[in-house]
Amino acid sequence: MISDVDLDLAGRARDGDRDAFEEIYRQYAGMVYRVALRMIGKVEDAEEVTQHVFLSVHRHLRTFAGKSSLKTWIYRITINSSLNVLKARKKHMEVAWEEGFDPEDKRHGLREAVEKEASQHKINVLLAHLNPDQRACILLRAQEGLSYEEISRSLGINVNTVRSRLKRARETLLVARKENRGAL
Amino acid sequence: MRCQDIQDHVLTDFVDHEVGVDQKREVEAHLAACPHCREFFEAVLNVDASIKEGPLPVGPAPHVWAKISDQIQSRPDHAWDVVRGWWEDFADGFRPRVVYGSMAAAMLVALVVIVPLAAQKQAAARADREELLQLAYADDENPAVGWDSEQGGTSLVLEHWL
C-alpha cells in the first residue's frame with residue numbers, strides 16, 4: 001500500500017506542484033536509471049528511458065490510484081520502457097553493452113575508475129546471458145532487494161512466475177560463470 | 001529432501017529469504033551435512049553478490065532532468081492535458097476492453113439470434129419433410145404420392161403438384 005508521503009507527493013504533483021514532482025524525480029531517478037542501464041546496457045538509452053518514465057509518470061499521475069506504492073508503479077513503467085527499447089532493437093540477447101562509466105569518477109583516481117569500469121563490465125556481460133524477463137527479475141531481486149510480492153506487482157506477473165524466472169536466471173548465470181572459469 | 005529438491009529451494013526461496021521456518025531449518029540441516037549442496041549454495045550466493053555488490057551505475061546526468069522539466073513546462077494547458085489524458089486512458093486501457101467487449105457481444109448475438117434462427121429453420125425443414133412423409137405413408141392407395149424409383153427412391157414425387 002502507498003505510504004502517506006508518497007500519496008501526498010503524488011497528490012501535490014497531480015495538482016500541478018512542480019516542486020513535488022521534482023521531489024519524486026529526486027527520490028526515484030537513481031533507481032530508474034540504474035535498472036534501465038542494467039536492463040539495456042547503454043547510457044544514452046538508459047537516460048532516454050529515465051526521461052520517458054518521468055514524463056509518463058507526470059502524465060498519468062491523475063490515474064495513479066495508490067493501490068500499489070509509487071515505487072512499485074515506477075519500477076513497472078521502467079521495466080516496460082526498457083523492454084520496449086530492447087524490442088525495438090530486436091536483438092535481445094546481443095545487447096550492445098556499454099559501461100555506465102562516468103568520466104567524472106576519474107577524480108577518485110584512475111585505478112579505482114578502471115577497476116570500477118571492469119567490474120561494471122563483468123556484471124553487464126553476466127546479465128547479457130539472460131533474456132529480458134529473467135534480467136528484470138534478477139535485477140529487482142538481487143540489485144534492488146524487492147520481495148517476490150513486490151516483483152510480482154512491479155512486473156504484473158504472479159509470484160510463481162517470479163520464482164521460476166529467478167530459478168532459470170540463476171541457473172543460467174551459474175553455467176555462464178562456470179564456462180568462463182570465474183572470469184565473470 | 002533429496003539434493004535436487006534442496007538445490008531447487010536454494011535457487012529461489014532459501015536464498016531470497018522467502019522460505020518458511022520449518023523448511024529453512026530442513027535446508028540448513030542438509031547444507032550442514034552435504035558438501036556438494038553447500039558448494040552449490042555458495043556458488044548461488046556468489047552470483048547474487050556479483051550483481052548486488054557490484055558498483056551501481058551513477059544517477060542520470062543533470063541534463064535529463066532539464067529535458068524533463070522543459071517538456072513539462074512546454075506542454076499545453078491543463079484542459080488539453082485532461083483531454084489528452086482521457087484519450088491515453090482510452091488507448092491504454094479501454095481500447096482492449098472495447099475490442100474484447102465487441103467480440104463478446106458479437107458472440108452473444110450469434111448465440112441469441114443466429115443460432116436459434118438456424119435451429120428454427122432446421123426445425124421447419126424437418127417438419128416439412130415429416131409432413132411430406134406423413135402424406136406419403138398416410139394413404140398407400142393415393143396415386144398422387146409415390147417414390148421416384150429412378151432417382152434411387154430418395155425423393156418424393158407429388159404427381160398432382162407437378
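Are Arg141(A) and Asp16(B) buried or exposed? I looked this up before anything else, and both residues are buried. The entries below work outward from that pair.

**Entry 1. What I am looking at**

I note at the start that this is a predicted model. I therefore checked confidence before reading any side chain, because where pLDDT is low, the predicted coordinates should not be read in detail.

For chain A I found a mean pLDDT of 83, with 80% of the residues at 70 or more. I marked residues 101-107 of chain A, where the pLDDT is below 50. That stretch has eight contacts in the model beyond near neighbours in sequence.

For chain B the average pLDDT is 77, and 69% of the residues score at least 70. I marked residues 143-162 of chain B as well, since the pLDDT there is below 50. Beyond near neighbours in sequence, I read 27 contacts for this stretch of chain B in the model.

I then looked at confidence by element in chain A. Helix 6 (residues 132-143) has the highest mean pLDDT of the chain A elements, at 94. Helix 5 (residues 110-127) has the lowest, at 72.

**Entry 2. Chain A**

I listed eight helices and zero strands in chain A. Read along the sequence, the pattern is α-α-α-α-α-α-α-α.

Of the 184 residues in chain A, 51% are buried. I also looked at contacts in chain A with a separation of 6 or more: 67% of them are between residues 24 or more positions apart. The accessible surface of chain A is about 8,700 Å², and carbon and sulfur atoms hold 47% of that area.

I checked the length of helix 4 of chain A, residues 70-89. Its 20 residues should span 28 Å at 1.5 Å a residue, and the C-alpha atoms at its ends are 29 Å apart, so the two values agree. I then went through burial along helix 4 of chain A. The buried residues include Trp73(A), Ile74(A), Tyr75(A), Ile77(A) and Leu86(A). Thr72(A), Thr78(A), Ser81(A) and Ser82(A) are also among them.

**Entry 3. A pair inside helix 8 of chain A**

I found a salt bridge between Arg168(A) and Glu171(A), with the closest N and O atoms 3.3 Å apart. The two residues sit three apart in helix 8 (residues 159-179) of chain A, which puts about one helical turn between them. An α-helix has 3.6 residues a turn, so residues three or four places apart point the same way.

I looked up the accessibility of both partners. Arg168(A) counts as partly exposed because its relative accessibility is 45%. Glu171(A) is partly exposed too, with a relative accessible area of 28%.

**Entry 4. Chain B**

I listed five helices and two strands in chain B. From the N terminus on, the order is α-α-α-α-α-β-β.

Of the 162 residues of chain B, 27% count as buried. For contacts in chain B with a separation of 6 or more, I noted that 39% join residues 24 or more positions apart. The accessible surface of chain B is about 11,300 Å², with 60% of it on carbon and sulfur atoms.

**Entry 5. Where the chains meet**

I counted 41 residues of chain B in contact with 44 residues of chain A. Between them the two chains bury about 3,900 Å², and 63% of this is on carbon and sulfur atoms.

How many salt bridges cross the interface of chain B and chain A? I found five. The structure holds 15 over all chains.

I then went back to the opening pair. The side chains of Arg141(A) and Asp16(B) meet in a salt bridge, at 2.9 Å from N to O. Arg141(A) is in helix 6 of chain A, and Asp16(B) is in the loop between helix 1 (3-14) and helix 2 (21-33) of chain B, so this pair joins two chains.

Asp16(B) also forms a salt bridge with Arg170(A), the closest N and O atoms being 2.7 Å apart. Arg170(A) lies in helix 8 of chain A and Asp16(B) in its loop of chain B, so this pair joins two chains as well. Both Asp16(B) and Arg170(A) are buried.

I recorded a network of salt bridges that links Arg141(A), Arg170(A), Asp16(B) and Asp48(B).

My last look-up was Asp8(B), which forms a salt bridge with Lys167(A). The closest N and O atoms of Asp8(B) and Lys167(A) are 3.6 Å apart.

Terms used: Residues are numbered from 1 along each chain as its sequence is written. Chains are lettered from A and ligands numbered from 1 in the order in which they are written. Side-chain values use heavy atoms; hydrogens and water are left out. pLDDT is the predictor's confidence in each residue, from 0 to 100. Contact means heavy atoms within 4.5 Å. Helices (H or I, at least four residues) and strands (E, at least two) are DSSP runs, numbered from the N terminus. The expected span of a helix is 1.5 Å times one less than its number of residues. Buried means under 20% relative accessible area, exposed over 50%, partly exposed in between (1.4 Å probe, protein chains only). Accessible areas come from the Shrake-Rupley method with a 1.4 Å probe; for residues, only the protein chains shown count as cover. A salt bridge is a side-chain nitrogen of Lys or Arg within 4 Å of a carboxyl oxygen of Asp or Glu. Buried area is the accessible area (1.4 Å probe) that two parts lose on being put together, summed over both.
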